[in-house]
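Visitor: Could you take me on a close look at a single part of this protein, with its surroundings? I would like to see how the pieces around one helix fit together.

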Amino acid sequence: AAVRALERRLRAARLPAQTRLETFDFSFQPTVSERLVRELAGLAFVQTATNVVLLGPPGVGKTHLASARARRAVEAGHAALFLTLRQFVESIDTAGVLAWRQQARRYVQPRVLVLDEVGYTHLTPLHAQCLFDVVTARYERSSTVLTSNLNFSEWGSMLGDDVLATALLDRLLHHA
C-alpha cells in the first residue's frame, strides 16, 4: 500500500525526470553551494513552509535541483506539484477565469509547489494576478520552489506591474 501511495504521489507531482540531489554535478556548477543544497535536502524547508528561489542563467541546474527537492518531499510522504510558468498560464487560458479560480486549489494544496522557468513567459494582467493569488494563498502555509532566469529587479516588467511584483516578491521572499 505504501508503494502504491508513493507511485500515486509521484504521478500527481508531474516531475519532469528522475532527478535526484545525488546526481547533481557540483563540479560542473561550482557557484552552487553544495552545503546549502544538502541542507535543503533535509526537508526542513517543507516543515517550516520556507520557499526556495533558484535564480541563474539557463543551463546551470535550477530545474534539476527544484525537481530533485520535490522528489525528496514526495518520497517523504508529502504532496508536490511541478509545472512551468507556461503550463500555469495555459491552465488559466484553457479553463477561463471563473473555472480557473475553482481549480486554483490544485496549486495551493500541495506541500511543495515547483514553479519552473519563471521569466520565459510573458504574463497578462490576469496571469500576473492569478500567480499573485496562488503565492499569497500558499504564504506561510506551504513551500514554493521557484526557478527563474530573471533578477528580482526584472520581475516588474515580467508581471507588467511593479507594485504587484513588489507584493509578490515580499510574500515569496519573506520565508525563503
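Guide: Happily! Let us take helix α8 as our part; please keep in mind that the model is a predicted one. We can begin with its partner α10: α8 and α10 are roughly parallel to each other, since the angle at which their axes cross, roughly 25 degrees, falls under the 35 degrees that serve as the cut-off for that term. Helix α8 covers residues 125-138 and α10 covers residues 162-174, and their axes come within 9 Å. The crossing itself is left-handed. On the α8 side the contact is made by Ala128, Gln129, Leu131, Phe132, Val135 and Thr136, and α10 brings Leu164, Ala167, Leu168, Arg171 and Leu172. Sorted by class, this contact of α8 with α10 has eight nonpolar residues, two polar ones and one charged one.

Now turn to another neighbour of α8, helix α5, which spans residues 85-95. Here the axes are 10 Å apart and the packing angle is about 110 degrees. That value lies within the range of 65 to 115 degrees, so α5 and α8 count as roughly perpendicular to each other. From α5, the contact involves Leu85, Phe88, Val89, Ile92 and Asp93, while α8 contributes Leu126, His127, Cys130, Leu131 and Val134. Leu131 is worth a pause in your viewer: this residue of α8 takes part in the contact with α10 and also in the contact with α5. The residues joining α5 and α8 divide into eight nonpolar, one polar and one charged.

Let us follow the chain out of α8. Glu140 sits in the loop between α8 and β4, the strand of residues 143-148. Its phi is near 60 degrees, a positive value in a residue other than glycine. Most residues other than glycine have a negative phi. With a relative accessibility of 46%, Glu140 counts as partly exposed, because that class lies between 20% and 50%.

The loop leads us to β4, and from there to the sheet. This is an open sheet of four strands in the order β1-β4-β3-β2, with parallel pairing. At its edges stand β1 and β2, each with a single partner strand, so one side of each has no neighbour in the sheet. Neighbouring strands are turned by 10 degrees against each other on average, direction ignored. Strand β4 pairs with β1 over four bridges, in the parallel sense, and Val145 of β4 is the bridge partner of Val52. At the other edge, β2 pairs with β3, residues 112-118, over five bridges, again in the parallel sense. There Ala80 stands opposite Val112 of β3.

Strand β1, residues 52-55, has side chains that alternate: Val52 and Leu54 point to one face and are buried, whereas Val53 and Leu55 point to the other and are not. Val52 also gives us one last link, to Leu40 in helix α2, residues 34-40. Leaving aside residues up to four places away in sequence, Leu40 touches Val52, Phe45 and Arg69. Leu40 is buried, because its relative accessible area of 19% is under the 20% cut-off.

Technical notes
Residues are numbered from 1 along each chain as its sequence is written. This is a predicted model: local features need pLDDT of at least 70, side-chain atom pairs count only at pLDDT 80 or more; totals for chains, interfaces and linings use all residues. Side-chain values use heavy atoms; hydrogens and water are left out. Helices (H or I, at least four residues) and strands (E, at least two) are DSSP runs, numbered from the N terminus. Buried means under 20% relative accessible area, exposed over 50%, partly exposed in between (1.4 Å probe, protein chains only). Contact means heavy atoms within 4.5 Å. Axes are lines fitted to C-alpha atoms, for helices over the stretch in contact, and angles run from 0 to 180 degrees between N-to-C directions. Angles under 35 degrees count as roughly parallel, over 145 as roughly antiparallel, 65 to 115 as roughly perpendicular and the rest as oblique. A crossing is left-handed if the near helix is turned anticlockwise from the far one by less than a right angle, and right-handed if clockwise. Ala, Val, Leu, Ile, Met, Phe, Trp, Tyr, Cys and Pro count as nonpolar, Asp, Glu, Lys and Arg as charged, and the others, Gly among them, as polar. Two strands pair if DSSP finds at least two bridges between them.
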